[in-house]
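Trainee: I should like to study one part of this model closely before I attempt the rest. Would you please choose a loop, explain what is meant by the elements on either side, and then connect that part with the remainder of the chain?

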Amino acid sequence: MTKFDNLKIRFFFNSPVIIDRYTTIDSILIAQHFNNIMQAGQLKEFVMPTPDNIDFIDAKHGVFSGSIWYIDKSEIPIFKTQTITKTVNVKKYLKYTPGPDNINLGSGEFKAYMLNYETIFVESIYFYIRGNREKITELCSQVKNIGRKRHIGYGAVSGFEVKPAEDRSFMLTLNNPSKPLPVSSFPKASTGKIALYRPRPPYYLKTDKAPCYMPTSSLYERTSHFKAKQKPILVKNISSSKLACEAGSIKPDELPENPHHCAMCGTFAKHTVPISVLFRSKNFNDYPDIRGNYICKWCLAAKTAHGIRTFSGKCITETDIIPLSNKDKIKQYIKANKLDATPENFKDIFVRTLANQEIKPPYVITLKTMKNNEHIIWKATVGISTGIIPVQSGKETLYVDTELLKEAIEQTDTGTAPYLYLNNTEKRNHLPEEERRFFAKYDRAVLKMLSYIRRPEKKEEQKNAKKRRLKKTA
Ligand SMILES: [Zn+2]
């Protein structure tokens with residue numbers, strides 16, 4: 001199977017999709033392929049996909065071809081926030097990480113909980129890939145659902161198309177990647193948007209992340225001439241827990257030499273302890289988010305009650321821990337640093353600082369999604385450039401495209417963005433077409449950051465809206 005073609009693959013939907021911005025077509029096809037051989041009984045346990053065992057997709061420097069997804073410019077997607085019960089698949093989980101002896105499905109870490117997902121309703125999405133047309137067409141015909149929450153009907157595929165295309169399966173244009181590409185092997189993808197990302201499937205694993213050039217995150221296919229203001233830190237193995245502990249002067253206990261990947265932060269550590277130490281702690285209920293058998297000393301120190309308080313809802317740099325959620329702490333911070341800010345506009349100033357690329361890498365940003373302090377720090381990805389900013393929002397890592405964020409803020413400041421509807425997907429969908437198009441120019445990560453921006457004329461606008469309402473009722 002050596003004949004490769006450049007292909008454009010399109011999937012049509014008849015239900016909303018929940019899909020990460022950087023999901024690529026190779027991961028969908030490889031998952032389908034392994035699923036098939038698993039069903040046929042030819043595969044008993046998990047095998048790492050590599051160019052040696054996947055011969056129907058082209059690869060360069062060990063990286064599979066296959067772009068992220070895009071929508072047509074004519075498409076106006078409908079967004080909706082859906083609350084879905086998340087249940088933990090205990091059996092699947094225990095396959096990778098040893099668990100406590102008594103597993104209770106009624107309470108604690110394995111209990112089902114509610115999570116909000118943003119769903120997108122579009123007619124179709126498309127991808128680019130280079131590979132064997134026959135085999136890829138066969139696999140596409142077997143894909144029944146795409147994205148997350150497939151088993152409850154999201155992302156139901158109603159049809160597909162495989163067509164010859166230009167070669168855009170690694171790069172859209174000479175300098176613009178169409179998927180995350182490792183900096184070390186793809187020097188031509190030279191945009192300043194660099195993040196720590198796993199360049200090989202399974203992409204969801206935390207191990208072996210590398211500095212990668214990231215594609216522009218707009219839902220429409222879009223190229224960029226972005227230049228980063230600050231130099232990226234091109235490191236491979238950098239633990240968010242370590243960065244945070246050092247910034248917060250938390251000294252970890254020394255551990256015996258036992259080199260392994262850390263099940264919590266995913267980095268390779270020289271000193272680790274078996275994960276069973278976690279089972280003794282009553283306040284740890286994040287087992288479903290860890291994967292592996294050992295943890296590093298930094299994660300062990302960061303997961304204490306003190307560590308959780310210190311590191312959740314913060315922007316952490318090598319020299320500073322900036323509070324982002326606690327008003328009293330923000331007040332103290334403003335006073336201590338003699339800033340021209342109030343707790344009310346602090347997040348606005350912070351997001352503008354990010355957009356202006358004034359944050360110095362490496363850094364970690366954690367946003368709380370619950371009132372209580374959460375274990376976020378070890379789930380977070382360390383930011384290594386000013387072009388793509390990883391923001392850990394509860395369990396989810398959002399990669400914020402700085403170029404798009406800056407553009408969206410400018411539109412908000414000049415009053416051309418439908419700002420008031422940012423947080424209300426229900427209202428968004430009733431906007432005129434032109435305004436709805438605004439939301440598809442950016443992805444969820446950019447819109448989430450934009451929601452912290454205060455619009456100068458907002459008060460005036462609210463007054464006018466009130467006047468209009470009064471007029472109506474009169
Ligand atoms: Zn760790």
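Mentor: A definition must come first: helices are DSSP runs of H or I with at least four residues, strands are DSSP runs of E with at least two, and both are numbered from the N terminus. Please keep in mind that the model is predicted.

The part I have chosen is the loop between H8 and strand S18 (363–367), where proline 362 is placed. The peptide bond that leads from proline 361 to proline 362 is cis, and its omega is near 0 degrees. A cis bond also joins proline 201 to proline 202, with omega near -5 degrees; proline 202 belongs to the loop between S11 and S12.

Let us now take the helix at one end of the chosen loop. Helix H8 covers residues 346–355 and packs with helix H9, residues 402–413, at an angle of about 130 degrees, the axes being 9 Å apart. Because of that angle, H8 is oblique to H9. The crossing in which H8 passes H9 is left-handed. On the H8 side, the contact is made by Arg352, Leu354 and Ala355, and on the H9 side by Thr402, Leu405, Lys406 and Ile409. Sorted by class, this contact of H8 with H9 has four nonpolar residues, one polar residue and two charged residues.

Before H8 there is another loop, which runs between helix H7 (327–336) and H8 and holds lysine 338. Although lysine 338 is not a glycine, its phi is positive, at about 50 degrees. Lysine 338 counts as exposed because it has 6 C-beta neighbours inside 10 Å, and the exposed class takes residues with 12 or fewer.

A further residue for your attention is lysine 229, in the loop between S12 and helix H4 (240–247). The C-alpha atoms of lysine 229 and glutamate 358 are separated by 8.1 Å, while the two residues are 129 places apart along the chain. If residues up to four places away in sequence are not counted, lysine 229 touches Gln357 and Thr386. Lysine 229 has 12 other C-beta atoms within 10 Å, and is therefore exposed. Across the chain, among contacts between residues at least 6 apart in sequence, 73% join residues at least 24 apart.

The strand that precedes the loop of lysine 229, S12, leads us to a sheet. This is an open sheet of three strands in the order S10-S12-S11, with antiparallel pairing. Strand S10 (181–182) and strand S11 (194–197) stand at its edges with a single partner strand each, so each has one side without a neighbour in the sheet. Strand S12 (residues 210–213) is joined to S11 by four bridges, and isoleucine 194 stands opposite tyrosine 213 in S12. In general, strands of a sheet pair through backbone hydrogen bonds, in a parallel or an antiparallel manner. The loop between S11 and S12 also contains aspartate 208, a residue other than glycine whose phi is positive, near 55 degrees. Aspartate 208 counts as partly exposed because 14 C-beta neighbours lie inside 10 Å.

Another antiparallel pairing links strand S13 (residues 257–261) with strand S14 (residues 268–274) over three bridges. Histidine 260 has alanine 269 of S14 as its bridge partner. The hairpin of S13 and S14 has six residues between its strands, and glycine 266 in this hairpin takes a positive phi near 85 degrees. S14 also pairs with strand S15 (residues 294–296), again antiparallel and over three bridges; here threonine 272 stands opposite cysteine 296 in S15.

Finally, the chain has an open sheet of three strands in the order S6-S1-S7, paired antiparallel. Strand S6 (124–131) and strand S7 (157–164) form the edges, each with a single partner strand, so that one side of each has no neighbour in the sheet. On average, neighbouring strands of this sheet are turned by 20 degrees against each other, direction ignored. Seven bridges pair strand S1 (residues 5–13) with S7, and leucine 7 stands opposite proline 164 in S7. Helix H3 (residues 133–142) packs on this sheet and touches S1, S6 and S7, its direction making about 170 degrees with that of S7.

For the chain as a whole, there are 13 helices and 20 strands, and buried residues make up 38% of its 474 residues.

Terms used: Residues numbered from 1 in each chain as written. Predicted model: local features only at pLDDT ≥ 70, side-chain atom pairs only at ≥ 80, totals over all residues. Axes fitted to C-alpha atoms, helices over the stretch in contact; angles between N-to-C directions. Parallel < 35°, antiparallel > 145°, perpendicular 65-115°, else oblique. Left-handed = near helix turned anticlockwise from the far one by under 90°. Contact = placed C-beta atoms within 7 Å. Nonpolar A, V, L, I, M, F, W, Y, C, P; charged D, E, K, R; others polar. Pairing = 2+ DSSP bridges. Buried ≥ 20, exposed ≤ 12 C-beta atoms within 10 Å, placed from the backbone.
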